[in-house]
Amino acid sequence: ALAIVFFSLTLDNFLNFGNITNIFRSVSIVGMIALAITMSLTVNGFDLSVGAVAGFASVIAAKTMVIWEMSPFWAIVFPLLMGLLVGGVNSFLIIKVGISDMLTTLSMMFLLTGISITFQNGTAIYNYMPLPNNQGIAPGLMHKSYLFIGQGRVFGIPFPVILMLAIVILVHIFLNYTKHGRYLYMVGGNEEAAKLSGIPTKKYRMMAYMMSAVIASIGGLVLGARLGSGEVDAGGSYLMDAVAAAFIGFSVLGIGKANAFGTLLGALLMGILLNGLIMMDFPYYSQDIVKGIVLTVALGLTYYKKKA
């Protein structure tokens, strides 16, 4: 609220419809990746691989259409299946092997980034790209129906915004109004007590990591469709803003736990800050200082309330 008031008083065009739409569109991918982190936070975990999952999803989707000449249906299905697989591997290593969640997902982040680079010899995948070893031009194209996911509009509203808001609502309903969502919170709050209550804690921790990876894959599909290509490590630049958004969400309305609407507001705050600073011609190399201060204050409020 303070950020909106400040920028609206200092910038004439900050609150017009076009700029508000730009803010929402700019945070749509960050918001989805942040929601993926939120799912892992519900069980007191932390998934650092979501940015790499998103980037790899965009590469798989692009290669499916441009190199393998398959339909947009498979360009969507393959990345989602990849997300399920990554979430399953993460949860196996964390739950069965006993590796800490941060080390496991950090390792997965490096692994997926390396696979993404190797998958296409370190180059982006795009329409009419030259194939290696002078084999001609890529035979397939990124279909318009797929590009609509990242570039289309419905009644003037960018489709990525609609998709992000739909996922926010679904995650909110799942976490707050279903038995499974409440069990996730119980596992995250006190795993031993949840286990003694008869809740299969390992099953719900696995569910959280698999849902995290799938949501990150959806964010990657939107990212690839917006760029119109499969860029190597395209999701890596979104990770820190997504982490900030997810943790800022803890402090929203004093909830003190991971939640979908808080994460959305956290993503919007990061987007508002970036948009306002750009409109004020604030040096790009100093923008992270402001975002770091905001994150520190939000975390300070959250953990101070927990301590109190």
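**Exercise 1. Look at the side chains of R205 and E191, which meet in a salt bridge, and work out what this pair connects.**

Solution. Start with the distance: from N to O, the gap between R205 and E191 is 3.7 Å. A salt bridge needs a Lys or Arg side-chain nitrogen within 4 Å of an Asp or Glu carboxyl oxygen, and the 3.7 Å of this pair fits. Keep in mind that you're working with a predicted model.

Next, place the two partners. R205 sits in helix α10 (residues 201-227) and E191 in helix α9 (residues 191-196), so the bridge ties together parts that are 14 residues apart in sequence.

Now check how covered each partner is. R205 has a relative accessible area of 17%, so it counts as buried; the cut-off for that is under 20%. E191 comes out at 29%, which makes it partly exposed.

Last, ask how many salt bridges the whole structure has. The search turns up one.

**Exercise 2. Find out where F155 and D233 lie, and say what is unusual about their phi angles.**

Solution. First, the background: most residues other than glycine have a negative phi.

Take F155. Its phi is positive, about 55°, and it isn't a glycine. You'll find F155 in the loop that links β1 (153-154) to β2 (157-158). Is F155 buried or exposed? With a relative accessible area of 84%, F155 is exposed.

Then D233. Here too phi is positive at about 55°, again without a glycine. D233 belongs to the loop between α10 and α11 (239-251). Its relative accessibility is 37%, so D233 counts as partly exposed.

**Exercise 3. Decide whether the chain is compact or extended, using its radius of gyration.**

Solution. Begin with the expectation: for 308 residues, a compact globule would have a radius of gyration near 19 Å. The chain has 20 Å, which agrees, so go with compact. Along the principal axes, the C-alpha trace spans about 65 × 55 × 35 Å.

Then look at what builds the fold: 13 helices and two strands. Of the contacts with a separation of 6 or more, 71% are between residues 24 or more positions apart.

**Exercise 4. Describe the surface and the charges of the chain.**

Solution. Of the 308 residues, 49% count as buried. What the chain exposes adds up to about 14600 Å², and carbon and sulfur atoms supply 68% of that area.

For the charges, count 17 positive and 11 negative. Take the mean position of each set, and the two means lie 12 Å apart.

Technical notes:
Residues are numbered from 1 along each chain as its sequence is written. This is a predicted model: local features need pLDDT of at least 70, side-chain atom pairs count only at pLDDT 80 or more; totals for chains, interfaces and linings use all residues. Side-chain values use heavy atoms; hydrogens and water are left out. Helices (H or I, at least four residues) and strands (E, at least two) are DSSP runs, numbered from the N terminus. The radius of gyration is taken over C-alpha atoms; the globule rule is 2.2 Å times the number of residues to the power 0.38. Buried means under 20% relative accessible area, exposed over 50%, partly exposed in between (1.4 Å probe, protein chains only). Contact means heavy atoms within 4.5 Å. Accessible areas come from the Shrake-Rupley method with a 1.4 Å probe; for residues, only the protein chains shown count as cover. Lys and Arg count as positive and Asp and Glu as negative; His and the chain ends are not counted. The place of a charge is taken as NZ of Lys, CZ of Arg, CG of Asp or CD of Glu.
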